[in-house]
Amino acid sequence: MVSPRPPTAPAGFHLLAKPSGPICNLDCEYCFFLSKEALYPGDRFRMSEELLETYIRQLLEAHTTPEVTIAWQGGEPTLMGVDFFRRAVAIAERHRRPEQTVSHTIQTNGTLLTDEWCELFTAHGFLVGISIDGPAPLHDRYRVDKRNRPTFDRVIRGVDLLKRHSVDWNALCTVNAANQDAPLDIYRFFRDDLGARHVQFIPIVERDNDTGFQEGGTVTDRSVDPALWGRFMTAVFDEWVVRDVGTVFVSQFDAALASWVGAPQSLCIFRETCGDALALEHNGDLYSCDHFVEPAHLIGNITETHLVELVASPEQRAFGEAKRDTLPTYCRQCEVRFACNGECPKNRFTLTPDGEPGLNYLCAGYKAFFTHIDGLMTLMADLLRAGRYADEVMGVLAQAGRNELCPCGSGRKTKHCHAGSLPRARS
């Protein structure tokens, strides 16, 4: 353990470790990480036994929080094989302090899962994130394998295995040009067909350049349209808020409620500052953020400098504070800044209406979405402050007279507003 501990070190932070680097068995068209292979020409892209031990030991030493999450991503991390993760679990158990609890999570495309994988996940309480973009026609538009073949059936096979073994899992769905017009088809597919209870929607904002880095001011035709991103999230919210609060958890809605309550923000993209969500490459290189795995944001290697020193370094702290300090005046004066905070710096490459740089590409969508949910988020926040439950909002909406003004504050009658999403209206 580093002694003394750097005074600028956060008590806890999130680190995505990539044991196989960008190597993947799929070839998803919008994947920004496949191009990272060029950073390490000729590399085998496999985390060594020595580095695995160094990484987990330093991660546990760096945290003063009672719970530490060991998170794996790629590329496709399951390419490392089950035994690699068995060793990771054993190393964590050996190095954790008596007062520390370790949680394990892995993000995978699900196509390589087997009973053996699921037995490991069950035995050690892994949370498994499955990348899936909706029903087959929408998923298979961009999520293909190396031979350009569809992958939906293989992903569903993986999901079925997870459910058979009672593994905790969530759905991570990108929203892109192919599925941006089908929010309810996608949400209902996850909820009703797959039985997903945790969902995260990730907007695809793919910069159009030859480097694969966060450069340039144009996006590819696979990227989500800003206005349609807002409409997508609004449509899902209007379905969720009348029937699924407390039973289906959508990460953006949980994050929004935290903002309305004034609680600490769970998603780094909506925090005022960032810098506490980093990425570790297969060789020990530490980068400022998973979205900035590029030479300008390489802050060091954990085989040369302890992880906690790199996280606490002036360079990394400056990276995180720049999110707040470079926010345009247009954003600083925005009525939904408290919920958005300019979102992720990787998307802040457009101009404000008065020509100031640094506006988020998705600004129009986020502004429309957060404005739309304000009334019901305020209601849920008030319920929580009163010691009640957020899901009581569903009862408020269900009991509203159809010819009364909707409790959401839209100014429309309930029958023309959220009553349109109530189960009774679809029966």
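This is a guided tour of the structure above, stop by stop, saying what to select and what is found there.

The model is predicted, so local features are described only at pLDDT of at least 70 and side-chain atom pairs only at pLDDT 80 or more, while totals for chains, interfaces and linings use all residues. Residues are numbered from 1 along each chain as its sequence is written, and side-chain values use heavy atoms, with hydrogens and water left out.

**The whole chain**

Begin with the whole chain in cartoon view, where there are 15 helices and 12 strands, taken as DSSP runs (helices H or I of at least four residues, strands E of at least two) and numbered from the N terminus. The radius of gyration is 22 Å, close to the 22 Å that the globule rule gives for 427 residues, so the chain is as compact as a globular protein of that length; the radius is taken over C-alpha atoms, and the rule is 2.2 Å times the number of residues to the power 0.38. Buried residues make up 54% of the 427 residues, where buried means under 20% relative accessible area, exposed over 50% and partly exposed in between, with a 1.4 Å probe and protein chains only.

**The nonpolar cores**

Next select Trp72, Phe190, Phe201 and Phe370, which touch the most other members of the largest nonpolar core, a set of 108 residues. Such a core consists of buried Ala, Val, Leu, Ile, Met, Phe, Trp, Tyr and Cys residues joined through side-chain atoms within 4.5 Å. Helix 13 (residues 363–385) gives the most to this core, with 9 residues. Apart from this core lies another, of 6 residues, including Phe33, Tyr40, Ala279 and Tyr287.

Now centre on Phe190: leaving aside its neighbours within four places in sequence, Phe190 is in contact with residues including Ile132, Ala171, Val199 and Phe201, contact meaning heavy atoms within 4.5 Å.

**Strand 4 and its partners**

Move to strand 4 (residues 127–131), in which 4 of 5 residues are buried. Strand 3 (residues 101–108) runs parallel to strand 4 and is joined to it by 4 bridges, while strand 5 (residues 168–175) pairs with strand 4 in the parallel sense over 5 bridges; pairing requires at least two DSSP bridges between two strands. Select Ile130 in strand 4, which stands opposite Thr108 and has Ala171 as its bridge partner in strand 5. Adding helix 3 (residues 115–124) to strands 3 and 4 shows a right-handed β-α-β unit, right-handed meaning that, with the strands pointing away from the viewer, the path from the first strand over the helix to the second runs clockwise.

**Salt bridges**

Finally, show the charged side chains, among which there are 23 salt bridges, each a side-chain nitrogen of Lys or Arg within 4 Å of a carboxyl oxygen of Asp or Glu. Glu29 and Arg222 meet in one of them (3.9 Å, N to O); Glu29 lies in the loop between strand 1 (14–17) and helix 1 (49–62) and Arg222 in the loop between strand 6 (198–203) and helix 7 (226–243), so the pair ties together parts that are 193 residues apart in sequence. Arg86 and Glu116 form another (2.9 Å, N to O), linking helix 2 (residues 82–95) to helix 3 across 30 residues. Glu272 and Arg337 also meet in a salt bridge (3.4 Å, N to O). For the last selection, take Arg188, Arg191, Asp192, Glu239, Arg243 and Asp244, which salt bridges that share partners join into one network.
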